[in-house]
Amino acid sequence: MRVTESDLRLTDGRTLHVYDIGGDGLAVFWHHGTPNTGAPPAPLFAAAGKLSVRWVSYDRPGYGGSSPLPGRDVASAAADVRAVADALGIDRFAALGHSGGGPHALACGALLPDRVLGVVTAAGLAPYDAEGLDWFAGMVPSSAASLRAAVEGRAAKEAYEAGAGYDPEMFTDADHEALAGTWSWFDEVVGPALEAGPDGLITDDLAYVSPWGFDPVRITAPLLLLHGGEDRIAPAAHSRWLADRCPTAELRVRPADGHISVLDAGAEALEWLAARAG
C-alpha cells in the first residue's frame with residue numbers, strides 16, 4: 001500500500017497532517033496512540049488489502065505536522081475527523097484506535113453517528129470519571145505516575161515529563177516480543193512524534209484525565225473492545241467497564257496479551273469491522 005501525505009488547512013487556521021491510502025473500499029480512520037504520529041499501521045496493510053480497506057489517518061494536534069490545539073479534549077477528534085473526511089470526499093467510515101487512540105475513536109462513534117459505521121478500540125482507556133472503576137488499578141507504577149501528574153495539571157505534567165524515562169516494565173514479555181518483531185513498526189512513529197517536544201503527549205494525557213466531552217454510551221454503531229488481559233498500561237478493566245455500559249459493545253479479552261501484543265489480533269478486528277460496516 002502506498003501512503004499519500006498532505007496538509008489540510010482548517011477553518012480555524014490550524015493544519016492537520018493527513019495520511020491516505022486511497023481507493024474505493026471501506027475507509028477506516030486509524031487513531032494513533034500516545035506518543036505516536038498518525039501514520040497508518042503498516043503491519044496491518046496485508047490484512048487491509050485483502051478486505052479492500054482504505055486507511056485514513058492524521059497526526060493529532062501537537063504531533064508531527066499538525067498544529068497544536070491548546071486545551072483540546074477527546075471530543076475534538078470528531079470535528080477533525082469530519083474535516084478530513086469532507087476534504088477527501090468520504091461520506092461514511094469506520095474508526096479503529098489503539099491505546100490513547102481508543103478514546104478518540106469512541107468520540108467519533110458518539111459524536112458522528114450519521115457517518116461512523118463501526119468502531120474498534122484496542123487497549124483503550126475508559127473515561128477518568130468512570131463511576132465504579134478504580135481507574136489506576138493494575139497500571140505499572142510509571143504509567144500511573146505519569147497520568148497522576150496529568151491530574152494535577154499542565155505544570156505538574158510538564159515537570160514530570162522533564163525527568164521521565166523509558167520504563168521497560170510497562171510492557172509484558174509478549175509485548176517485548178511483538179516490539180522486536182512485527183510491531184517494531186512503532187520505532188517509525190514514536191521517535192518522530194517526540195522530535196518537536198512532548199506537547200502532543202502532554203496534551204493527550206491531560207485530555208484523558210479531564211472530561212471527555214461526550215458519553216460513550218451514545219455510540220449506536222457496532223463497537224468492538226479488544227484488550228490484552230495482561231495489559232500494564234491500560235488495564236483490561238477499562239474495556240470491561242465500557243462493555244458493561246455501551247449497548248452495542250462486544251468485548252474480546254485476550255488473556256495472554258499485553259498492550260502491544262494485542263495488536264496481533266488486528267487482522268481479526270479488521271475482519272469484524274468490515275463485516276459489520278459493510
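A cavity is a set of grid points where a 1.4 Å probe fits but cannot get out. With that in hand, here are four exercises on this predicted model.

**Exercise 1. Find the cavity and describe its lining.**

Task: Work out how many cavities of 30 Å³ or more a search of the whole structure finds, and which residues line the largest cavity.

Solution:
- Step 1. Searching the whole structure turns up one cavity of 30 Å³ or more.
- Step 2. The space in the largest cavity comes to about 50 Å³.
- Step 3. Its lining consists of Trp30, Leu44, Leu96, Val120, Ala122, Leu226, Leu263, Gly266 and Ala269.
- Step 4. Strand E6 (116-122) and helix H10 (266-277) are the elements that give two or more residues to this lining.
- Step 5. Sort the lining by class: eight residues are nonpolar, one is polar and none is charged. Gly counts as polar, so Gly266 is the polar entry in the list.

**Exercise 2. Place Arg252 in its surroundings.**

Task: Decide whether Arg252 is buried, partly exposed or exposed, and say what it touches.

Solution:
- Step 1. Locate the residue: Arg252 sits in strand E8 (residues 249-254).
- Step 2. Partly exposed covers the range between under 20% (buried) and over 50% (exposed). Arg252 has 30% relative accessibility, so it counts as partly exposed.
- Step 3. Set aside neighbours within four places in sequence; Arg252 then contacts Leu224, Leu225, Leu226, His227, Glu268 and Trp272.
- Step 4. Look at the side chain, where Arg252 makes a polar contact with the side chain of Glu250 (3.0 Å).
- Step 5. Link back to the cavity: Ala122, one of its lining residues, is 130 residues from Arg252 along the chain, yet their C-alpha atoms are separated by 9.6 Å.

**Exercise 3. Describe a helix pair.**

Task: Give the axis distance and crossing angle for helices H4 and H5, then list the residues in contact.

Solution:
- Step 1. The axes of H4 (residues 141-151) and H5 (residues 154-163) come within 7 Å and cross at roughly 145 degrees.
- Step 2. H4 contributes Ser142, Ala145, Ser146, Ala149 and Ala150, while H5 contributes Ala156, Lys157, Tyr160 and Glu161.
- Step 3. By class, this contact has five nonpolar, two polar and two charged residues.

**Exercise 4. Survey the largest pocket.**

Task: State the volume of the largest pocket and which helix gives the largest share of its lining.

Solution:
- Step 1. About 900 Å³ of space lies in this pocket.
- Step 2. Among its 34 lining residues, Thr34, Pro35, Met170, Leu201 and Ile233 lie nearest the centre.
- Step 3. The largest share, four residues, comes from H4.
- Step 4. By class, the lining has 19 nonpolar, eleven polar and four charged residues.

Key. Residues are numbered from 1 along each chain as its sequence is written. This is a predicted model: local features need pLDDT of at least 70, side-chain atom pairs count only at pLDDT 80 or more; totals for chains, interfaces and linings use all residues. Side-chain values use heavy atoms; hydrogens and water are left out. On a 1 Å grid over the protein atoms alone, a cavity is a set of points where a 1.4 Å probe fits but cannot get out, and a pocket is an open set with protein on both sides within 12 Å along at least five of seven lines; lining residues have an atom within 4 Å of a point. Grid points are joined across faces, edges and corners, and a volume is the space filled by probe spheres set on the points. Buried means under 20% relative accessible area, exposed over 50%, partly exposed in between (1.4 Å probe, protein chains only). Contact means heavy atoms within 4.5 Å. A polar contact is a pair of N or O atoms within 3.5 Å; within protein, one must be able to donate a hydrogen and the other to accept it, and residues adjacent in sequence count only if both atoms are side-chain atoms. Axes are lines fitted to C-alpha atoms, for helices over the stretch in contact, and angles run from 0 to 180 degrees between N-to-C directions.
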